[in-house]
Amino acid sequence: MKTESFRGRDWIDAEIDFTKEEWETLIDVALELKRRFLLGEDHTHILKNKTLYMMFFNQSLRTRSTFEVGIQQLGGFACNLEPGKTYTPARKGFEVPYKTERICDVARVLDRTGDGLAIRMYGEPAHWIYGFANQTMKEFAKYMQIPIINMECDKFHPTQALADMITIKEKFGGFKGLKFVMSWAYSGSTHKPLAVPQSLVLAPTKLGMDVILARPKGLELDPEVIKKCKEFAQQNGSSFEETDSMEDAFKDADIVYPKSWGSLSYLATWDETSGRKTREADLEGMKEIFERNKDWICDQKKLSLIKPSGIYMHCLPADRDMEVTDEVIDGPQSVVYDEAENRLHAHKAIMALLMGGRL
Ligand code: CP
């Protein structure tokens, strides 16, 4: 198999920029690193003395802990640059004197001393403008030679998607012929990015699964993402469909992934050239759609529609009694803690190949 070198590449729109073969390589490397971890084999030579800078503009449990522990297990070091405690990196037009520092300066400083920069940003820190955080990561990339790793933006969560594909590989041995359902689910909070559902339709279509997206009216995903999913499905001879019925989607599924996300129609928009907003976000308006669809909960009755061998997935944190019942998430078909565990091995594979590896 011929793959392009991974070293130095950015992991931002990874479901689009990395080929199917490269995703398969990453999964293999993650499983090899998991084997070494479980055997207690030292593998600190892989990124010895390398530094990962991390910036979390939003809260995190799993992503933060596993990147930090992961780089240590590979022999490197994580330096957490907390926005607000450092000068908060800002784009032109969004600067506050002596509180923020323009991204072109932050990027060129960190590029001199680090080996990778991992960023999480969506929602409030991205002014509720859809795509602002994704563009911010690309703004860093413009000024940096070292790889930028997307730890979740407003469009994609590719490190989560990789961990989930590893989990599916472990459970089913492969991808072809599996019916994968990404479904919206109700939450009491509208502060939910589209990153997970968009990554979790792109990655399974890229790897050859038959994918169904279930969502109520008003909670459609980005049309560009849907277009890509259709392209991937065509390339693989598999399928991609959409429905507004959770029950119809669940019938005979191998994998169901019910999860809440926000509505694109209520997020802010902006003109990137002038840096001005062209529409404000309306999170209260969005709440009305959410409240109309409270019955989109994954309960045992709905789960009984999937195959007996089927699995329930969620990236966590889950809103129990809203997105999912305790019976389902704590039940025998739930693999949520396996997914969380595999974040560690997924992140180690990404760092090992992008920050080290062959040229
Ligand atoms: N799934 C996920 O990204 O978890 P955290 O928000 O805890 O990082």
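How many nonpolar, polar and charged residues does the shell around the ligand have? The legends below take up this point first, for a model that is predicted.

**View 1. Residue shell around the ligand in the predicted model.** By class, three residues of the shell are nonpolar, four are polar and three are charged. The residues around the ligand include a run of Ser60, Leu61, Arg62 and Thr63. Also in the list are Arg120, His157 and Gln160, together with Cys315, Leu316 and Arg343.

**View 2. Side-chain polar contacts to ligand oxygen atoms.** In the side chain of Ser60, an N or O atom is 2.7 Å from an oxygen atom of the ligand. For His157, the distance from a side-chain N or O atom to a ligand oxygen is 2.9 Å. Arg343 places a polar side-chain atom 3.2 Å from an oxygen atom of the ligand. The ligand taken alone exposes 250 Å², of which the protein buries 94%.

**View 3. The pocket of the ligand.** The largest pocket is the space taken by the ligand.

**View 4. Two domains of the protein chain.** The domain assignment gives domain 1 as 3-155 + 343-354 and domain 2 as 161-340. Their C-alpha centres are 24 Å apart. Across the domain boundary, 33 residues of domain 1 are in contact with 38 residues of domain 2.

How values were computed. Residues numbered from 1 in each chain as written. Predicted model: local features only at pLDDT ≥ 70, side-chain atom pairs only at ≥ 80, totals over all residues. Heavy atoms only, no water. Near = heavy atom within 4 Å. Polar contact = N/O pair within 3.5 Å; in protein donor to acceptor, adjacent residues only side chain to side chain. Areas by Shrake-Rupley, 256 points an atom, 1.4 Å probe, with all protein chains shown as cover. 1 Å grid on protein atoms, 1.4 Å probe; cavity = no way out; pocket = protein on both sides within 12 Å on 5 of 7 lines; lining within 4 Å. Sits in = over half its atoms within 2 Å of the grid points. Nonpolar A, V, L, I, M, F, W, Y, C, P; charged D, E, K, R; others polar. Domains from an automatic or database assignment. Contact = heavy atoms within 4.5 Å.
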